[in-house]
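Open the model in your viewer, keep the selection panel handy, and follow along stop by stop. Each stop suggests what to select and then tells you what is there.

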Amino acid sequence: MPRAPTKNPVAPETAAAAPLSRESVLAAALALIDQRGVEGFSVRDLARSLGVYPTALYWHVPGGRNALIAGAVTAAVGGLEPPAPNSDWQAELRALFARYRQAVHRHPRIAPVLGAQLVSNASLDPLLLDRILALLESAGFTDQGLFDAYNVVIAAMVSFVTLELAPQPDDDPDGWAAGHQQRLAQVDGAACPTLARHLPQMANRAFVVRWSSGSTHPLDAGFEAWTEVVVQGLAARLPRNV
């Protein structure tokens, strides 16, 4: 008796309950990362959540796991509104940094991949990059100074929120938090008097001396200070005749 023909695992419509699209695959990838984090993300689990074979995903998002992660990051931050042209460049940078931080806070578990892996480069819209360069040019930056200022803007936009949303370890997070609090309580006041004096006010409100992620304990005041330092620092680097 002849065997029944098998379903083609490449064509997504043959395995899925509903037709897939690039957008639906990436939305599901982002949802899985939101649930399990980047380290816990797998192509097999994504395919299972959509009711398809893993090869069906590549029909819509070629490139494997890295492409799916990059696409998920794009789904989270790729729609970021670019700076308005011919506007107050300092105000636009402040607003851009705030919008980016808000977008990442909506999906905090993408933070470890931002900047730390080159696949995240694909998440930023070329129009956004163009507008950042145009904004800096309008401010008066030129030549290498323009490229340096661009690097500062990208680093500033990405780095604070990446540190802020650093997750607790997956292995016994409560035990780790309790242990870190104990280590901080044992800081030697004689050897580290300045730290010991300020630690009660800084504890769990500042980098390194905290045990909660910014997803539950955001560092709003630190972000505002960071933004001002970056913007004013860029302004100080402008040619004096601008």
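Helices (H or I, at least four residues) and strands (E, at least two) are taken here as DSSP runs, numbered from the N terminus. On that basis, the chain has 11 helices and 0 strands.

This is a predicted model, in which local features need pLDDT of at least 70 and side-chain atom pairs count only at pLDDT 80 or more, while totals for chains, interfaces and linings use all residues. Residues are numbered from 1 along each chain as its sequence is written, and side-chain values use heavy atoms, with hydrogens and water left out.

**Stop 1: the whole chain**

Start with everything selected and colour by secondary structure. From the N terminus on, the elements run α-α-α-α-α-α-α-α-α-α-α. The accessible surface of the chain (Shrake-Rupley method, 1.4 Å probe; for residues, only the protein chains shown count as cover) comes to about 13,500 Å², and 56% of that belongs to carbon and sulfur atoms.

For single residues, buried means under 20% relative accessible area, exposed means over 50%, and partly exposed is in between (1.4 Å probe, protein chains only). Of the 242 residues of the chain, 39% count as buried. Now consider contacts, meaning heavy atoms within 4.5 Å. Among those between residues at least 6 apart in sequence, 70% join residues at least 24 apart.

**Stop 2: helix α11**

Next, select residues 220-236, which make up α11. This helix has 17 residues and reaches 24 Å from its first C-alpha to its last, close to the 24 Å expected at 1.5 Å a residue; the expected span is 1.5 Å times one less than the number of residues.

Show side chains for F223, T227, V230, V231 and L234, which are buried in α11. Look down the axis of α11: its buried residues fall within an arc of 90°, so they line one face of the helix. The arc is that of the directions from the helix axis to the C-beta atoms. What do these buried residues pack against? Add α6 (89-106) and α8 (143-164) to the selection, and you have the packing partners of the buried residues of α11. Then turn to the face of α11 pointing away from its buried side, where you will find the exposed residues A221, V229 and A236.

**Stop 3: the loop before α11**

Step back to the loop between α10 (193-202) and α11. Pick N204 in this loop, where phi is near 65°, a positive value in a residue other than glycine. N204 is buried, with a relative accessible area of 12%. V208 lies in the loop between α10 and α11 too, and V208 has a positive phi of about 75° although it is not a glycine. Is V208 buried or exposed? With a relative accessible area of 69%, V208 is exposed.

F207 also sits in this loop and, at 31% relative accessibility, counts as partly exposed. Now add L163: together with F207 and V208, L163 forms a nonpolar surface patch with about 290 Å² of accessible area. Patches are made of residues with over 30% relative accessible area and no salt bridge, with like charges joined within 9 Å and nonpolar side chains (Val, Leu, Ile, Met, Phe, Trp, Tyr) within 5 Å.

**Stop 4: charged pairs**

Side chains of opposite charge can pair when their charged atoms come close. A salt bridge is a side-chain nitrogen of Lys or Arg within 4 Å of a carboxyl oxygen of Asp or Glu, and by this rule the count comes to 6 salt bridges.

Select D45 and R48 in α3 (residues 43-50); being 3 residues apart, they are separated by about one helical turn. Their salt bridge has its closest N and O atoms 2.6 Å apart, and R48 is exposed, with a relative accessible area of 54%. D45 also meets R36 in a salt bridge (2.5 Å, N to O), and R36 is partly exposed at 36% relative accessible area.

Then jump to R109 and D170, whose salt bridge has its closest N and O atoms 4.0 Å apart. R109 lies in the loop between α6 and α7 (126-139) and D170 in the loop between α8 and α9 (173-185), so the pair ties together parts that are 61 residues apart in sequence. R109 is partly exposed, with a relative accessible area of 29%, whereas D170 counts as exposed at 65%. Returning to the earlier group, salt bridges that share partners join R36, D45 and R48 into one network.
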